[in-house]
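Visitor: I am new to protein structures. Please take one part of this one, go through it closely, and then show me what lies around that part.

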Amino acid sequence: MKGRIPYRSVDPFLGWLPLLVLAGVVLTSCGGPRESPHDVNVVLVTFDTIRGDHISHLGYALPTTPNLDELCEQGISFHRSYATSSWTAPSHGSLFTGLLPSQHGCHMAPWEEDEQILPLSSENMTLAELLSESGWATAGFIGGPAIAGGIGFSRGFDLYDDDWVGPQRLGGATNEKVFAWLSKVNRPFFLFVNYFDAHGPYEPDPSLTYPFGEKPEAVEPYQSFSPGTAKRQKKTMPTDPEEIRHIVERYDQEIFATDHFLGRLIKRLKELGKWDRTLLVVTGDHGEAFSDQVGAEVFWGHGHMPGRVQSHVPLVLRLPGDVRAGEVVTRTVSNQDLFPTLCDFLSLPVPSNVRGRSLLLPITDGAAMAEKFFPGRYGNTFFRDDFMVRSLEEISSGHVRETMHDLSDPTGKKLIPIARIDDPEVKMSDEDRARAREVARALLSARAAHKKMRGGVSPQFEPGDLEGTKLSEETRRKLGALGYLESE
Ligand SMILES: [Zn+2]
């Protein structure tokens, strides 16, 4: 293990004291502090593969997420939250470390032809390690193999349950294990639960009653399909609107199932008397595309160059005592902000290389970044307000292709040529042009700062710099069954 990153200054807990007092969490009747933030349980739930625009409280027409919607009424909901990646492992790596994938090291090796997942770098502190060292009991329960313990995700957990038969584990089976652990834990805890139901294959749990759609039969997803992979695999992506509707409906039922299992977890925490002192975060790791268009291309599944469909995820933060209940934040935020947010609330030190910010403080200038590594290429996407800038860099030549997109266009077709924002031949209203100029300037300068921070692309991607891990046969088999390793 390399040396650990030092801590940076801590956001003072005193800033939160009045809110906790209001919530009845901190003070006893004699006025002295009895319980501290260290008496708060922390539960981090990830809804795997859930795109933000299929969440009811984010505007979806179907009642896919009644429990999450109810949770919004008890906490803070973030309407423009973006994952740092378009697939499971790098995105969870950011949740666990507060770092971008290029910093925490867990992503697809860009020099490998046969696709290899690099592990979470051990030089960075994970949330579970920090909480474990600070006295919390820690346990993680996952449903998908991309965040298996062997890839570095189990560090800091007293128990990391990544063992099941078959490619994935659904929410009901995961909850059984979670509930067994919850009934035994007798001190403040950090619990991580990854509900994997909405990930392909789409097999809505037949034991549930769904408030919409036809019989919840299984359908095959078109996983990780871009025009390039479809061509290589000699497959045709569906274009029949009825077939697409049928597939999307099964996916929506899986979101409903995921939300159902979240509801069961909350109910269990209440039954056990642990709810009042629990901080609950629910978010996603990436979305899922269904014939969605970006520019001139059509995509299915996830794991591509990040964009709105692949990176926009729900984020709801419920504080103990329902402090700040019903608050809505519309500024752009990132899932790498959660680590410093939890440190802020729990009065814990933040590792000095963590660049996210506490979401409990006012967000006046919101932005987020997502990354994707391809063989020989590095892509990143900046999000801010209704715009995103996507940059794809050839690692060997440094050549960059850049496009700016208007996220308010639901078709995803509207591109803004950055180099021609000032060209009168590009048709835009004066107001749109002024906003586009401002966002382009901010995003491009943020991108330059990021590049400077990592010292350019090339040095980071020498195979010797990051130690690869050979995945176990079992993990490779599960990943292959879920379409992660295209060569399998
Ligand atoms: Zn995922």
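**A close look at one helix and its surroundings**

Guide: The protein has 12 helices and 17 strands. What you see is a predicted model. Of its 488 residues, 48% count as buried. Take the contacts between residues at least 6 apart in sequence: 70% of them join residues at least 24 apart.

The part to examine is helix 6, which covers residues 171-182. Start with its length. The helix has 12 residues, and at 1.5 Å a residue these should span 16 Å. The C-alpha atoms at its two ends are 16 Å apart, so the expected span and the model agree.

Next, which residues of helix 6 are buried? They are Gly171, Thr174, Asn175, Val178 and Leu182. Looking down the axis of helix 6, you find these buried residues within an arc of 100 degrees, and therefore they line one face of the helix. The face turned away from that buried side carries the exposed residues Glu176 and Ala180.

What covers the buried residues of helix 6? The cover includes strand 4 (137-141), strand 6 (189-195) and helix 8 (241-271). These elements lead to the wider surroundings.

Strand 4 and strand 6 belong to an open sheet of 8 strands, in the order 5-4-6-2-7-10-3-11, with mixed pairing. At the edges stand strand 5 (159-161) and strand 11 (327-334); each has a single partner strand, so one side of each is left without a neighbour in the sheet. From one strand to the next, the twist averages 15 degrees. Strand 4 and strand 6 run parallel and are joined by 5 bridges. Phenylalanine 141, for example, has valine 193 in strand 6 as its bridge partner.

Helix 8, which also helps to cover helix 6, lies across strand 2 (41-47), strand 6 and strand 7 (278-284). Helix 8 runs at about 160 degrees to strand 6.

From helix 8 we can go on to the nonpolar core. In soluble globular proteins, nonpolar side chains tend to be buried together. The largest nonpolar core here has 108 residues, and Val45 and Val282 have the most contacts inside it. Helix 8 gives the most to this core, with 10 residues. Which residues does valine 282 touch? Leaving aside neighbours within four places in sequence, valine 282 is in contact with Val45, Phe47, Leu68, Leu71, Leu262, Pro314 and Val316.

Another buried residue is worth a short stop: leucine 130, in helix 5 (residues 127-133). Why does leucine 130 count as buried? The reason is that it has 25 C-beta neighbours inside 10 Å, while 20 are enough for a residue to count as buried. Not counting residues up to four places away in sequence, leucine 130 touches Met125 and Leu348. Leucine 130 and leucine 348 are 218 residues apart in sequence, but their C-alpha atoms are 8.2 Å apart in space.

For another arrangement of strands, go further along the chain. There, 5 strands form an open sheet in the order 13-14-15-16-17, with antiparallel pairing. Strand 13 (368-374) and strand 17 (415-416) stand at its edges with a single partner strand each, so one side of each has no neighbour in the sheet.

Strand 14 (residues 377-384) is mostly covered, with 6 of its 8 residues buried. Strand 14 pairs with strand 13 in the antiparallel sense over 7 bridges, and asparagine 380 in strand 14 is the bridge partner of glutamate 371. These two strands form a hairpin with 2 residues between them, and glycine 376 in the turn has a positive phi of about 80 degrees.

Strand 14 is also joined to strand 15, by 8 bridges, and the two run antiparallel. Glycine 379 stands opposite leucine 392 in strand 15. Strand 14 and strand 15 form a hairpin too, with 2 residues between them; aspartate 385 in that turn has a positive phi of about 50 degrees.

Strand 15 (residues 387-394) is joined in turn to strand 16 (residues 400-406) by 7 bridges, again antiparallel. Here glutamate 393 has valine 400 in strand 16 as its bridge partner.

To return to the starting point: helix 6 has its buried residues on one face, and the exposed residues Glu176 and Ala180 on the face turned away from it.

Definitions and conventions. Residues are numbered from 1 along each chain as its sequence is written. Helices (H or I, at least four residues) and strands (E, at least two) are DSSP runs, numbered from the N terminus. The expected span of a helix is 1.5 Å times one less than its number of residues. A residue is buried if 20 or more other C-beta atoms lie within 10 Å of its own, exposed if 12 or fewer, and partly exposed in between; C-beta atoms are placed from the backbone. The arc is that of the directions from the helix axis to the C-beta atoms. Two residues are in contact if their C-beta atoms, placed from the backbone, lie within 7 Å. A nonpolar core is a set of buried Ala, Val, Leu, Ile, Met, Phe, Trp, Tyr and Cys residues joined through C-beta atoms within 7 Å. Two strands pair if DSSP finds at least two bridges between them. Axes are lines fitted to C-alpha atoms, for helices over the stretch in contact, and angles run from 0 to 180 degrees between N-to-C directions.
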